[in-house]
Amino acid sequence: MLVALLAGLLPFVKMSLVVNGLVLASIIGLGAIGLTLIYGILNMANVAHGDYMTLGAYVALFFAGTLIPALGAEGGGIGPFTFGYPLLVAMPLSIAAVAAFAVAVDRLIYRRLRERGVNVVLVSMASLGVAIALRGLVQLIWSGDVQRLPRESREVWRLPMDVRVPPDSLFIAVVAIALVAATYLVLSRTKMGKAMRATADNPDLALVSGISTQRVIQWTWVMGAALAATAGVLLAVFQANIIPIMGWKFLIPLFAAVILGGVGSPYGALAGALIIGVTMEVSTQWINPSYKPAAAFALMLLVLLMRPRGLFGPRQ
Amino acid sequence: MALLEASEVVAGYGETEVLHGVSVVVDEGEVVTIIGPNGCGKSTLMKAVVGLVRVRSGGVAFRGAPIEGLPPERIVRTGLCYVPQTNNVFPSLTIRENLEMGAFVREGDYRTRMDEMFALFPDLTRQPNRRAGSLSGGQRQMLAIARALMLDPVLLLLDEPSAGLAPAMVSTVFERIREVNRAGVAVLLVEQNAWEALRMSDRGYLLVAGESRLEAAGRELLDDPDVARLYLGGRAT
């Protein structure tokens, strides 16, 4: 029914907003998958997830905007994209850095809380502390000013139906799809991926099967943080600027996507991201863009009223 | 030497103490059944042995070495595998993936063992890629036992394997358990279905209010008039 309603609206919607929405959705999707994986396995809402995205963007900025130019490497753009080769080098480095950071935070803070049997709500609150501390740290190192990745091109593609997209959008979508596919392969084909799903299904049975929960948790952070870091870099490319609060503001659509799709379900997170991303962009046709997240939340509430477990959530 | 020796085990959850000093022994190749009324601590004893519930005092020795206080993922490596009463499969994983997870700590190739399990539990062979969550109660129980057997244990702990199954399925499950035992695996069983379980057991324990009341050969427990009257009720449990 909802789908029919949305499809009915389509002729009245600017296609360029839909395209933009799909690009935004691919970024939301990357963040939301990590968020939902962490929830499924650790049972905690990682409120710092948005700030892991921010960290990813800034680390990439450090490599692409500061370190690599300082080493005297040629900036040079790639085809029509706004960014140059340095960003392609910076992205994997940023992923590694944020993953290491997430594992370290788990060791130092969350693991200690878990071992003391602290309530999961309090662990989530601890992640709020991590979020605020991390944002402060980012601001301390890089200042609160708006920063930009080096810009090499200003080309815009003109497509039929009055759609104008920057070539970067294609890059964002391709990277996002590749990472989602990689995540799917890890979860469905590798031993650790299956152990992660098993632990999310039934932690006690995973323990008595000999699955080391500690290692599962570690790899969950690695995957979740890697996806978040990528989402952060792509968001920096998408909105063409980097500010300390970018990830924190992104947390609302992330949670909306996770909840809409059904908490704990990676497929649900993807579906939720698509709906939230497109809704947010398309809503700007009628409402002030600063209310975008409100449109996403209204839609989420509507879906939950009809289907409380979300689109793909497990039956209670 | 006994295979498993739980002596004077005290355990519980939070403030509540459920087991007040329970002793149970399982010898190599035996089938031992623990019977007793609801809430007497049968399941807690199982969980204490496999490390899911902390042993507060007393000891658990397996093959002569103490295992109390070890984390579950270490205990399972010693050759002791456990099938919980409920939630005993990974519902979103396929049959094949469930078995693979059962073999998680197994070094090297587990495929031969998986084929053996498919031979032992033919109900699982037809759709190995079906999600465990969509299986019937009986199939699920078979899968749960097969998962626990993937590590080739010397002792299998089964918590109420017949609970909630249709009568025809109950005898199939018991028949499979007998086959597993004939292959040399000792079995420690907790059962509501006490008649059927005690008949195939070498020995039985009667657990009441967190204490072991009685230990006897399976047949003797069945024939004990008090036990029969108080704890076995009718056949229709």
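## Briefing on chains A and B

The contact between the two chains draws on 14 residues from chain A and 21 residues from chain B. The model described here is a predicted one. On the chain A side of this contact, helix 7 (191-201) and helix 8 (203-208) each contribute at least two residues. Helix 7 of chain A gives the largest share of that side, namely five residues. Sorted by class, the side of chain A that touches chain B holds six nonpolar, four polar and four charged residues.

**Chain A as a whole**

- Chain A contains 12 helices and two strands.
- In sequence order, these elements follow the pattern α-α-α-α-α-β-β-α-α-α-α-α-α-α.
- The radius of gyration of chain A is 20 Å, and the globule rule gives a close value of 20 Å for 316 residues, so chain A is as compact as a globular protein of that length.
- Along the principal axes, the C-alpha atoms of chain A fill a box of roughly 55 × 55 × 35 Å.
- Buried residues make up 48% of the 316 residues of chain A.
- Among the contacts in chain A with a separation of 6 or more, 77% are between residues 24 or more positions apart.

**Strand 8 of chain B and its partners**

- Strand 8 of chain B spans residues 186-190 and is mostly covered, with five of its five residues buried.
- Both faces of strand 8 of chain B are covered: one side carries B:Ala186, B:Leu188 and B:Val190, the other carries B:Val187 and B:Leu189, and all of these are buried.
- Strand 3 (residues 31-35) of chain B pairs with strand 8 of chain B in the parallel sense, over four bridges.
- Within strand 8 of chain B, B:Val187 is the residue that stands opposite B:Val31.
- Strand 7 (residues 155-159) of chain B also runs parallel to strand 8 of chain B, and five bridges join the two.
- B:Leu156 has B:Val187 of strand 8 of chain B as its bridge partner; B:Val187 thus links to B:Val31 as well as to B:Leu156.
- A right-handed β-α-β unit is made by strand 7 of chain B, helix 6 (residues 167-182) of chain B and strand 8 of chain B.

**Helix 1 of chain B**

- Helix 1 of chain B covers residues 42-50 and is largely enclosed by the rest of the structure, because nine of its nine residues are buried.
- The buried residues of helix 1 of chain B include the lysines B:Lys42 and B:Lys47, together with B:Ser43 and B:Thr44.
- Also buried in helix 1 of chain B are B:Leu45, B:Met46, B:Ala48, B:Val49 and B:Val50.
- B:Gly51, just after helix 1 of chain B, adopts a positive phi of about 95 degrees.

**Positive phi outside glycine in chain B**

- B:Glu8 is a residue other than glycine, yet its phi is positive, near 50 degrees.
- B:Glu8 belongs to strand 1 (residues 4-13) of chain B.
- B:Glu8 counts as partly exposed because it has 14 C-beta neighbours inside 10 Å, a number below the 20 needed for a buried residue and above the 12 that marks the limit for an exposed one.
- B:Glu160, likewise not a glycine, has a positive phi of about 50 degrees.
- B:Glu160 is placed in the loop between strand 7 and helix 6 of chain B, two elements of the right-handed β-α-β unit.
- B:Glu160 has 21 C-beta neighbours inside 10 Å and therefore counts as buried.

Technical notes
Residues numbered from 1 in each chain as written. Chains lettered and ligands numbered in written order. Predicted model: local features only at pLDDT ≥ 70, side-chain atom pairs only at ≥ 80, totals over all residues. Pairing = 2+ DSSP bridges. Right-handed = clockwise from strand over helix to strand, strands pointing away. Contact = placed C-beta atoms within 7 Å. Nonpolar A, V, L, I, M, F, W, Y, C, P; charged D, E, K, R; others polar. Rg over C-alpha atoms; globule rule 2.2 N^0.38 Å.
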